[in-house]
Amino acid sequence: MIKKIFLGFSVILLILILWNWELVVYGARQGYGQVRIVWEARPIEDYMNDPQFPDSLKNKLKLIQEIRKYAIDSLGLKDTKNYKTLFDQQGQEIMWVVQACEPFQLKPKMWDFPIVGSMPYKGFFEKQKALDEKARLEKDGYDISIRNPGGWSTLGWFTDPILSDMLKRNEGDLASLIIHEMVHATIFIKDNVDFNENLASFVGDTAAYYFLASRYGKDSQQFTQYVQEDQDYRKYSRHILRGTQALDSLYQSIQADEPIEIKKQKKEAMISRIMNSADTLSLFSPRKANANGRLPNNTYFMSYHLYQARQDNFKEELDHDFDGDLKRYIKYLTEKHPFL
């Protein structure tokens, strides 16, 4: 009887593996890529004790430990073993993230993964695999983009190291990034990536102000630089989100039987108008529209929606219900949304 049960279970497992073979292979590759990074990462003490390692970078490593401690003690984020090691990228990108969107709809392509659920992006540790995925999706008519993330969270499945490229960031940007990823390791709702990414962005960007003020003072160059960069980014984000609404209205007005070339012309004209009008924004460091000579596609606008569309909602809830107390707000969200 036990043999029959075991045989039946084995057959079912084999069918599931074959049915999801592509996902199994992808998961194995991702696991290998992440394990390699974790395995090759060295304790930060090794770098701190290395006389050849630049003092400026040692100071950044010390700063990350201060940010990490602040996030745990002052914000109540989960205490993990993350960011106690450093992986040397040797000047190379190590991850490529593919995003796809319908060409005449602001509707992202979703990929389904075990545990975390549906996600509007797919990461690769091999550039060619990302390019292959891009080519397949382009054949299906999607708008595609590939980006290199500055960091990512494995949600506790691995020990996330500091990536050497993180050390190139200024103090405020670094604080925002580290806290953003620590939020993911504390609060993460399955199948709700909009909430997860918007919340992590909100907490990271907001807490960076608090950390810099406590570490350097509000009159410091570090605080001032972050204020200017963050305010520029917020103004630009709001502009792109308004553009997203304009694009959405355009797509809803397009008739299904219109020639594809006419649809493309309308789309290109609207995106061009949105990007060029960004020049009218009053910024500390003005952006040059279409600096690379190419207009963005729908994935560009969906990325801003993914990370920035709910910032005002979180800010209102924080101020109205928690009197601006970010630690209390995080505690409330942690209790309301059990991790995964």
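**Notebook: salt bridges, a pocket and a surface patch**

I began with one charged pair, and I noted that the side chains of aspartate 173 and arginine 169 meet in a salt bridge, at 3.1 Å from N to O. I keep in mind that this is a predicted model.

I then looked up how open these two residues are. Aspartate 173 counts as partly exposed because its relative accessibility is 30%, and arginine 169 is also partly exposed, with a relative accessible area of 23%.

How many salt bridges does the structure hold? I found 18 salt bridges in the structure. As background, I wrote down that side chains of opposite charge can pair when their charged atoms come close.

Next I turned to arginine 328 and aspartate 323, whose side chains meet in a salt bridge at 4.0 Å, N to O. Arginine 328 is partly exposed, with a relative accessible area of 40%, whereas aspartate 323 has 66% and is therefore exposed. I also noted a network, in which salt bridges that share partners join Lys122, Glu133 and Arg136.

Within that network I looked up the pair of lysine 122 and glutamate 133, whose side chains meet in a salt bridge at 3.8 Å, N to O. This pair links distant parts of the chain, since lysine 122 lies in strand S6 and glutamate 133 in helix H5 (residues 127-139), 11 residues apart. Are the two residues buried or exposed? I recorded that both lysine 122 and glutamate 133 are buried.

My next entry concerns the largest pocket, which has a volume of about 2,000 Å³. It is lined by 50 residues, and those closest to its centre are Arg147, Pro149, Gly151, Trp152 and Tyr307. Which element gives the most to this lining? I found that H2 does, with 7 residues. Sorted by class, the lining of the largest pocket has 24 nonpolar, 16 polar and 10 charged residues.

I also looked up the largest cavity, which holds about 60 Å³ of space. Its lining includes Gln34, Tyr83 and Asp160, and by class this lining has 5 nonpolar, 2 polar and 1 charged residues.

Last, I turned to the surface, where Ile115, Trp157 and Leu340 make a nonpolar patch of about 310 Å². Tryptophan 157 sits in the loop between strand S7 (143-147) and strand S8 (162-163). Why does tryptophan 157 count as exposed? I reasoned that it does so because its relative accessibility is 56%, and exposed means over 50%.

Terms used:
Residues are numbered from 1 along each chain as its sequence is written. This is a predicted model: local features need pLDDT of at least 70, side-chain atom pairs count only at pLDDT 80 or more; totals for chains, interfaces and linings use all residues. Side-chain values use heavy atoms; hydrogens and water are left out. Patches are made of residues with over 30% relative accessible area and no salt bridge: like charges are joined within 9 Å, nonpolar side chains (Val, Leu, Ile, Met, Phe, Trp, Tyr) within 5 Å. Accessible areas come from the Shrake-Rupley method with a 1.4 Å probe; for residues, only the protein chains shown count as cover. Helices (H or I, at least four residues) and strands (E, at least two) are DSSP runs, numbered from the N terminus. Buried means under 20% relative accessible area, exposed over 50%, partly exposed in between (1.4 Å probe, protein chains only). On a 1 Å grid over the protein atoms alone, a cavity is a set of points where a 1.4 Å probe fits but cannot get out, and a pocket is an open set with protein on both sides within 12 Å along at least five of seven lines; lining residues have an atom within 4 Å of a point. Grid points are joined across faces, edges and corners, and a volume is the space filled by probe spheres set on the points. Ala, Val, Leu, Ile, Met, Phe, Trp, Tyr, Cys and Pro count as nonpolar, Asp, Glu, Lys and Arg as charged, and the others, Gly among them, as polar.
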